[in-house]
Amino acid sequence: MYLEQTEPLAPEEILQELQALVEGDPDGIACLANAAALLSLHVPRINWVGFYLQRGRDLVLGPFQGKPACTRIGPGRGVCGASFARGETIVVDDVLTFPDHIACDAASRSEIVVPLVVRSQPIGVLDCDAPVPARFGAEERLLFEGAARIVGAWLEAAEASV
Ligand code: SME
């Protein structure tokens, strides 16, 4: 099942809306929650989008849209832990071929995870799942990396903690 949508928007329009949205309030959780909601509304053919945030050595579930998900991911585990540990975007075209993929929703087939960086330090990840293989190409990589950059820059500017 896909997330419910309004209308798909071009990536640059989504990023413009996100920039305007995050500037509305200096609270970090409010920023992440609205970022997840905005992406879920305008990115078609996805079933989960949201954040995992660093808590000690683990990543813990943050604001998201989609089905309830695993709450805690150990160091380096899953696609999220690998992206966080490496400090780089990971795109998985077929999650069945990613040996350590953590299946929160059996419907998920492809995934993109982007580190969320504040003051040059990764503080979590932005994760998106799709129920179709190879959903995330070059355009989506730019979109999600752009979204994480906008959120990270805002958290930094607002001196917000999450
Ligand atoms: N699939 C992720 C876990 C989080 S869920 O997709 C929401 C992973 O392997 O890290």
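Q: A polar contact is a pair of N or O atoms within 3.5 Å; by that rule, what makes the approach of aspartate 127 to the ligand a polar contact?
A: In this predicted model, an N or O atom in the side chain of aspartate 127 is 3.3 Å from an oxygen atom of the ligand. The value of 3.3 Å is within 3.5 Å, so the pair is a polar contact.

Q: Which atom of the ligand does the side chain of glutamate 111 approach, and what makes this a polar contact?
A: An N or O atom in the side chain of glutamate 111 is 3.0 Å from a nitrogen atom of the ligand. That distance is within 3.5 Å, and therefore the pair is a polar contact.

Q: How do you know that aspartate 129 makes a polar contact with the ligand?
A: An oxygen atom of the ligand lies 2.7 Å from a polar side-chain atom of aspartate 129. Because 2.7 Å is within the limit of 3.5 Å, the pair qualifies.

Q: How much of the ligand does the protein cover, and where does the ligand sit?
A: On its own the ligand has 310 Å² of accessible area, and the protein covers 99% of it. The ligand sits in the largest cavity.

Q: Which elements give two or more residues to the shell around the ligand, and which gives the most?
A: Strand 1, helix 3 (78-86) and strand 6 (121-130) each give two or more. Helix 3 gives the most, with three residues. The residues around the ligand include Trp48, Tyr52, His101 and Cys104.

Q: Why is the aromatic pair of tryptophan 48 and tyrosine 52 called stacked?
A: The search of the whole structure finds three aromatic pairs. In the pair of tryptophan 48 and tyrosine 52, the ring centres are 5.9 Å apart and the planes differ by 25°. Centres within 6.5 Å form a pair and planes under 30 degrees apart count as stacked, so both tests are met.

Q: What makes tryptophan 48 and phenylalanine 64 a stacked pair, and which parts of the chain do they link?
A: Their centres are 5.1 Å apart, with 15° between the planes. These values are within 6.5 Å and under 30 degrees, and therefore the pair is stacked. Tryptophan 48 is in strand 1 (residues 48-55) and phenylalanine 64 in strand 2 (residues 58-66), 16 residues apart, so the pair links distant parts of the chain. Ring pairs link Trp48, Tyr52 and Phe64 into a cluster.

Q: Are tryptophan 48 and phenylalanine 64 buried or exposed, and how do you know?
A: Tryptophan 48 has a relative accessibility of 4%, which is under 20%, so it counts as buried. Phenylalanine 64, at 25%, falls between 20% and 50% and therefore counts as partly exposed.

Q: What makes the phi angles of arginine 45 and arginine 119 notable?
A: Most residues other than glycine have a negative phi. Arginine 45, however, has a positive phi of about 60°, and arginine 119 has a positive phi of about 50°. Arginine 45 lies in the loop between helix 2 and strand 1, while arginine 119 lies in the loop between strand 5 (110-118) and strand 6.

Q: Why is aspartate 25 called partly exposed, and where does it lie?
A: Its relative accessibility of 39% is between 20% and 50%, so aspartate 25 counts as partly exposed. Aspartate 25 lies in the loop between helix 1 (11-22) and helix 2 (28-42).

Conventions. Residues are numbered from 1 along each chain as its sequence is written. This is a predicted model: local features need pLDDT of at least 70, side-chain atom pairs count only at pLDDT 80 or more; totals for chains, interfaces and linings use all residues. Side-chain values use heavy atoms; hydrogens and water are left out. Rings of Phe, Tyr and Trp (its six-membered ring) pair if their centres lie within 6.5 Å; planes under 30 degrees apart count as stacked, over 60 as edge-to-face and the rest as tilted. Helices (H or I, at least four residues) and strands (E, at least two) are DSSP runs, numbered from the N terminus. Buried means under 20% relative accessible area, exposed over 50%, partly exposed in between (1.4 Å probe, protein chains only). A residue is near a molecule or strand if one of its heavy atoms lies within 4 Å of it. A polar contact is a pair of N or O atoms within 3.5 Å; within protein, one must be able to donate a hydrogen and the other to accept it, and residues adjacent in sequence count only if both atoms are side-chain atoms. Accessible areas come from the Shrake-Rupley method with a 1.4 Å probe; for residues, only the protein chains shown count as cover. On a 1 Å grid over the protein atoms alone, a cavity is a set of points where a 1.4 Å probe fits but cannot get out, and a pocket is an open set with protein on both sides within 12 Å along at least five of seven lines; lining residues have an atom within 4 Å of a point. A molecule sits in a cavity or pocket if more than half of its atoms lie within 2 Å of its grid points.
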